Protein chains: 2
Amino acid sequence: MDYQKITPKIIRKIEEIVDKKYVLTDTQDTHPYSHDETPGLNFPPEVVVKVKDTHQVADLLKLCNKERIPLTPRGGGTGLTGGAVPLMGGIVLTFEKMSKIKDIDKENYIVVVEPGVINGNLQRELAKEGLFYPVNPASMDSCTIGGNVAESSSGANAVKYGGTKEYVTGLEVVLPCGDLIKPGGRLVKNVTDYKFIQLLVGSEGTLAAITEITLRVVPLPEVKVDLIAGLDRLSSAYNILRKIWERKIIPTSIEYIDEVAIKTTKDYIQDDLSLPQAYHYITIGIDGKEEEVNRNMEILSDIFMQENIQDVLVAEDRKAQEKLWKFRQSIRDALLNSGTLMVEEDIVVPRSRIIEFMEKSKKVYQKYNLKTGVYGHLGDGNVHYNFIKTSSSEREWEQRVEKALSELFKIAISLGGKISGEHGIGVTKKKFLHLALNKAEIELMRRTKIAFDPNNILNPGKIFDL
Amino acid sequence: MDYQKITPKIIRKIEEIVDKKYVLTDTQDTHPYSHDETPGLNFPPEVVVKVKDTHQVADLLKLCNKERIPLTPRGGGTGLTGGAVPLMGGIVLTFEKMSKIKDIDKENYIVVVEPGVINGNLQRELAKEGLFYPVNPASMDSCTIGGNVAESSSGANAVKYGGTKEYVTGLEVVLPCGDLIKPGGRLVKNVTDYKFIQLLVGSEGTLAAITEITLRVVPLPEVKVDLIAGLDRLSSAYNILRKIWERKIIPTSIEYIDEVAIKTTKDYIQDDLSLPQAYHYITIGIDGKEEEVNRNMEILSDIFMQENIQDVLVAEDRKAQEKLWKFRQSIRDALLNSGTLMVEEDIVVPRSRIIEFMEKSKKVYQKYNLKTGVYGHLGDGNVHYNFIKTSSSEREWEQRVEKALSELFKIAISLGGKISGEHGIGVTKKKFLHLALNKAEIELMRRTKIAFDPNNILNPGKIFDL
């Protein structure tokens, strides 16, 4: 598809829609919008536009659709597969000026927000009202709710609470032609229309621009406990998981961290967490009413005792918990900082197969001699393998990583898994999509994209080629 | 769109795909498939085909797509808006021979089923394993999981547990062209593809034929309590609801039944439930661990005391609970039996506005002098108004109902609601769709339908016209 380059005439038209000072054309100003958090991925936009309301978004899309200009919506820019990177240039539309919490509706347990609200800010405002939005990506203090919806983000709490798609009950979106639709609302149930809400969640900005989000929230849990334990063998982790499911308790989170990730992060954040020496670490979070938390902690103690695990660090107060989560949320940066380049993946398998997947994966990264930090959402079957470039040439390293990734994806699929659990396909996993989806499904994605965006102006080049 | 009539030649082709004895052409045999539970809606199919596996479904769809024959998938035939009625004739494809529970996967809390499994049968099998599928439509002993997915059904438990769309993690579906896709799986998270799973949930058989369903299940609650109380004023119901949300407890169900529905049902099932005399009834279910249930029951007692409500019937044992739910599930049949024709609706509004909606609705049905039974999911903002024809001519009664419905829909929409919370649009609400959705959204539904089903062979004439 041929796109029009942005001319001074087009700039003038954009400035008729959005105040001149929010239309950035200077390379220095636009540079921060040429990348997200995906290592090594840079594509400069021609213009960056900071919108302030839905009308501006609609007018901009109408203009782009008429003039065949690619437009890439952008949240916090924390994506890990290049979702917000303007592959074809054109406009980056940033929602940083649309960051209002419009309503906290306590009677309906609903919150209505603009897309640019930072996830962590929303969490803090809700907590004041005794409410809780459980979706907590590691980047929660910089990612936006709009970005979370576009990427269908999730976080450590997904074991108990699920991810973004479980919470969106209403959207206001602008279609590529500039038309506005408002599916759903402050509703528990609704079968009036096709479920466009869920289709848009995770569509990575390829189908519509999201201008308002209605989220379901839940009562803030009364009590929270986190613990971390060191394990000598991965098989202990398997036994712990199996017993947790057998005993039918649902922890808030069950995370895994390997030795490399622990050591690298300890050095990076200069932390004094007095962790036991071990090859593997498991963290488990429990929340709820006091009696429920006590009961579940007793069951967990039981399980740890059966597995002969003594070194368990329990964080009962908020300060200790914050320290533990700060540690967890710093792992990625620590690993990134320890090499010159990093390739990350977020394969997901049925949770019962995660240890088997990890054992098979280890053989793969050892075969290709790759330095790897392993950590993530053990309880969701979604553990991250981050490959860190240390020495050797970039090209040669990338070839090894690509071969390893391809093998990991095939292993995951053979176990009933998929190639992305929470980061999306974006740019970096596009070439692997055919491993996970058959031709008919990829073709159906293409036809769906065309039904929404016949001129392919919205975030072109992502997920699949048209 | 012109469709081909089914000729003896086509019948022979169908019989090459499916054993002759499962291809019904005799009017006597096909008659039961000409209607669902929607009063007064009858359209005969030309052929009924009982499929036994996915291959047969794929071959049938390929044939229909090539020969331009309409095909309507059918579950238990309990739909209330005509979703399974073959408006354009052609084939009714029934899944009654595909009713296996393929796997109960205890480690992943997952169950894999064929579409023809009866909801209640699945519930009973899961309970034996200590697992629970919480979606319980009133028709649970005759509706199928395939039908539930197609209609995005929900039931009384939605207050705490949500509806069908919250539980489907994987599907196998045949597209109208005969291609098979298998989005999702036994996965907690997955962002590898567009969320076709949720798009298909509630698409009323218009986008694809579902041949296998993977559902998330949860641990079976340890304890369950149900109560029913009589109220003199609707404002008491409002106060109870408001206090429940304020105290941040989440009951499993909060149902409403009016005096007409109570009396009619008592007569119909000859029940001896010793209910207090009242104008309005509220039932509340609580489930969970024992200490959680006790705690919530104490809070409820508190609330009832504050509202000065003394006559509360508590069903603590299973027998008493079954009796109460049998009563609840018989309301619709009782009302239907009390007149010659019934029009039902399932408007949904934000739960905080439900009492306001009910007060305004009363004025409407009184204005049009309509006999009405009112009952349903108070805690979800989804209370059913069933209009019962008593005397007067059918045509004249229908005109009054249609005017009343149109006013009710407009009231609901003005309160932030939609025209269907759980029954779907089907045939009966098609003409009202424009009240709830703007032109752009209806147009997007059409384009999505065409992306999936360019020849419009799957359940044509439902939801909207192409």
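**Exercise 1. Find how many salt bridges the rule gives across the interface of chain A and chain B, and examine one salt bridge of B:Lys189.**

Solution. Across the interface of chain A and chain B, the rule finds 8 salt bridges. The model is a predicted one. Next, take B:Lys189: its salt-bridge partner is A:Glu422. The closest N and O atoms of this pair are 2.9 Å apart, and the rule asks for a nitrogen within 4 Å of a carboxyl oxygen. Polar contacts are counted separately: 32 residue pairs across the interface, both residues at pLDDT 80 or more, are in polar contact.

**Exercise 2. Describe the side of chain A that touches chain B by element and by class.**

Solution. Start with the elements of chain A that give two or more residues to this side: β9 (180-181), α7 (196-200), α8 (234-246), α10 (290-306), α14 (433-436) and α15 (439-452). Of these, α15(A) gives the most, with 9 residues. Then sort the residues of this side by class: 36 are nonpolar, 23 polar and 24 charged.

**Exercise 3. State how many residues are in contact between chain A and chain B, and how much area the two chains bury.**

Solution. On chain A, 83 residues are in contact with 83 residues of chain B. The two chains bury about 6900 Å² between them. Carbon and sulfur atoms account for 58% of that area.

**Exercise 4. Work out how chain A and chain B are related.**

Solution. First lay chain A on chain B: a turn of 180° and a shift of 0.0 Å along the axis give an RMSD of 0.0 Å. The two copies are therefore related as by a two-fold rotation axis. The contact residues fit this picture, since the same surface serves both copies: 100% of the contact residues of chain A recur in chain B.

**Exercise 5. Give the strand order of the two open sheets of chain A listed here, and name their edge strands.**

Solution. Take the sheet of 5 strands. In chain A its order is β5-β6-β10-β8-β9, with antiparallel pairing. Its edge strands are β5 (101-105) and β9, each of which pairs on one side only. Within this sheet, 6 bridges join β8 (residues 168-174) to β10 (residues 209-216); A:Gly170 has A:Thr214 in β10(A) as its bridge partner.

Now take the sheet of 4 strands, in the order β1-β2-β4-β3 of chain A, where the pairing is mixed. At its edges stand β1 (23-24) and β3 (71-74); each has a single partner strand, so one side of each lacks a neighbour in the sheet. The antiparallel strands β1(A) and β2 (residues 47-50) are joined by 2 bridges, and A:Val23 has A:Val49 in β2(A) as its bridge partner.

How values were computed: Residues are numbered from 1 along each chain as its sequence is written. Chains are lettered from A and ligands numbered from 1 in the order in which they are written. This is a predicted model: local features need pLDDT of at least 70, side-chain atom pairs count only at pLDDT 80 or more; totals for chains, interfaces and linings use all residues. Side-chain values use heavy atoms; hydrogens and water are left out. Contact means heavy atoms within 4.5 Å. Buried area is the accessible area (1.4 Å probe) that two parts lose on being put together, summed over both. A salt bridge is a side-chain nitrogen of Lys or Arg within 4 Å of a carboxyl oxygen of Asp or Glu. A polar contact is a pair of N or O atoms within 3.5 Å; within protein, one must be able to donate a hydrogen and the other to accept it, and residues adjacent in sequence count only if both atoms are side-chain atoms. Ala, Val, Leu, Ile, Met, Phe, Trp, Tyr, Cys and Pro count as nonpolar, Asp, Glu, Lys and Arg as charged, and the others, Gly among them, as polar. Copies are superposed by least squares on the C-alpha atoms of residues with pLDDT of at least 70 in both. Two strands pair if DSSP finds at least two bridges between them.
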